Amino acid sequence: MINIRKGDARGTSRAGWLHSRHSFSFADYYDPAHMGVSALRVLNEDRVDPGEGFPPHGHRDMEIISIVLEGAMAHEDSTGGGSVIRPGDVQLMHAGTGIMHSEFNASDTDPLHFLQIWVMPNRTGVRPGYEQHQFMEPDEHGVMRRILDPDGAEGALRINQDVRAWQARLTDGQDLDLPLSPGRQGWLQVAKGDVLLDGETLTAGDGAHIQDTGVPVIHARGDAELIVFDLP
């Protein structure tokens, strides 16, 4: 079974410099039919004006992932972590017992476009931490990389949950078997481009909840970028 979440059906919010689309309920957007999938609780697509951003604020007991699609994001946190995140990089924060952090558009001229993802951890009260890794070059295509894994398999960032995730950049006409384990469920998020999934066209911003099916095949219609989650 595949349930499509069209991008234009997502929640939306705009606060001056920030334009967000919410796949699941978040902040002032509430939809009891879309509260997340398994441990995947938040999936926001954010666009931040040049020179603007999120001032220091706190979180606890959440795994927070940032994936930059366009532009550059400057990050600082109370663990001493600080860096600029660019396309091809993935950032993971373990909020644990509590972390303060800020994210700003690192450019005064170009917009920032990124995905903010929250995963509920399988254990609370852990020591806060920050990790970042470049999984692909900014202009690299035709590849799929494991970015999250509880055991750090294939060099993925270690997440405190039984969740695995991949980032894929496909070229026109390329097929991809989604790497979902038997008896589990998946979430596919189209970040860029158009793809075919089970005969249906998905475009940037669309998502799909995948349950009780075989191995779905993605077919790229032009260059495309995807995030795939394997969930309990």
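This passage describes selected strands, loops, residues and the largest pocket of a predicted model.

The largest pocket of the predicted model has a volume of about 310 Å³. Its lining is made up of 25 residues, and of these Leu-18, Phe-26, Asp-46, Phe-54 and Gln-116 lie nearest the centre of the pocket. By residue type, the lining divides into 11 nonpolar, 11 polar and 3 charged residues. Several strands take part in this lining: S2 (11-15), S3 (18-22), S4 (40-48), S5 (53-59), S6 (63-70), S9 (89-94), S10 (99-105) and S11 (112-119) each supply at least two of its residues. The largest share comes from S5, which contributes 4 residues to the lining.

Two of the strands that supply residues to this lining, S2 and S3, are also paired with each other, in the antiparallel sense and over 5 bridges. Within this pairing, Thr-12 stands opposite Arg-21 in S3. The two strands form a hairpin with 2 residues between them, and Gly-16, which lies in the turn, has a positive phi of about 70°.

Positive phi values are also found in two residues other than glycine, namely Ser-38, with phi near 55°, and Glu-154, with phi near 60°. Such values deserve attention because most residues other than glycine have a negative phi. Ser-38 belongs to the loop between S3 and S4, whereas Glu-154 is placed in the loop between S13 and strand S14 (157-158). With a relative accessibility of 34%, Ser-38 counts as partly exposed, because a residue is called exposed if the value is over 50% and buried if the value is under 20%. Glu-154, by contrast, has a relative accessible area of 62% and is therefore exposed.

Strand S15, which spans residues 164-170, is mostly covered, since 7 of its 7 residues are buried. In a regular strand the side chains alternate between the two faces of the sheet. In S15, Arg-164, Trp-166, Ala-168 and Leu-170 point one way, while Ala-165, Gln-167 and Arg-169 point the other way, and the residues of both groups are all buried. Strand S15 has two pairing partners described here, strand S13 (residues 143-149) and strand S20 (residues 217-231). The pairing of S13 with S15 is antiparallel and runs over 5 bridges, with Val-143 standing opposite Arg-169 in S15. The pairing of S15 with S20 is likewise antiparallel and runs over 7 bridges, and here the bridge partner of Trp-166 is Val-228 in S20.

Strand S20 also holds Ile-218, which has a relative accessible area of 0% and is therefore buried. When neighbours within four places in sequence are left aside, Ile-218 is in contact with a set of residues that includes Leu-170, Gln-174, Asp-175, Leu-176 and Leu-178, and further Leu-188, Val-195, Leu-196, Leu-197 and Leu-226. Among these contacts, Leu-170 is one of the buried residues of S15. The C-alpha atoms of Ile-218 and Gln-167 are separated by 13 Å, the two residues being 51 residues apart along the chain.

A second residue with a relative accessibility of 0% is Val-90, which therefore counts as buried and is found in strand S9. Apart from residues up to four places away in sequence, Val-90 touches Ile-65, Ser-66, Ile-67, Glu-131, Gln-132, His-133, Phe-135, Ile-147, Leu-157 and Gln-167. One of the residues touched by Val-90 is thus Gln-167, which was described above as a buried residue of S15. Between Val-90 and Pro-216, which are 126 residues apart in sequence, the distance in space is 25 Å from C-alpha to C-alpha.

The last residue considered is His-209, which is placed in strand S19 (residues 207-210). With 14% relative accessibility, His-209 counts as buried, because the value is under 20%. The side chain of His-209 is joined to that of Gln-185 by a polar contact of 2.7 Å. Leaving aside neighbours within four places in sequence, the residues in contact with His-209 are Met-1, Ile-2, Asn-3, Val-37, Gln-185, Gly-186 and Trp-187. Gln-185 therefore appears both in the polar contact with His-209 and among the contacts listed for His-209.

Methods
Residues numbered from 1 in each chain as written. Predicted model: local features only at pLDDT ≥ 70, side-chain atom pairs only at ≥ 80, totals over all residues. Heavy atoms only, no water. Buried < 20%, exposed > 50% of the residue type's maximum accessible area, 1.4 Å probe, protein only. Polar contact = N/O pair within 3.5 Å; in protein donor to acceptor, adjacent residues only side chain to side chain. Contact = heavy atoms within 4.5 Å. 1 Å grid on protein atoms, 1.4 Å probe; cavity = no way out; pocket = protein on both sides within 12 Å on 5 of 7 lines; lining within 4 Å. Points joined across faces, edges and corners; volume = space filled by probe spheres on them. Nonpolar A, V, L, I, M, F, W, Y, C, P; charged D, E, K, R; others polar. Pairing = 2+ DSSP bridges.
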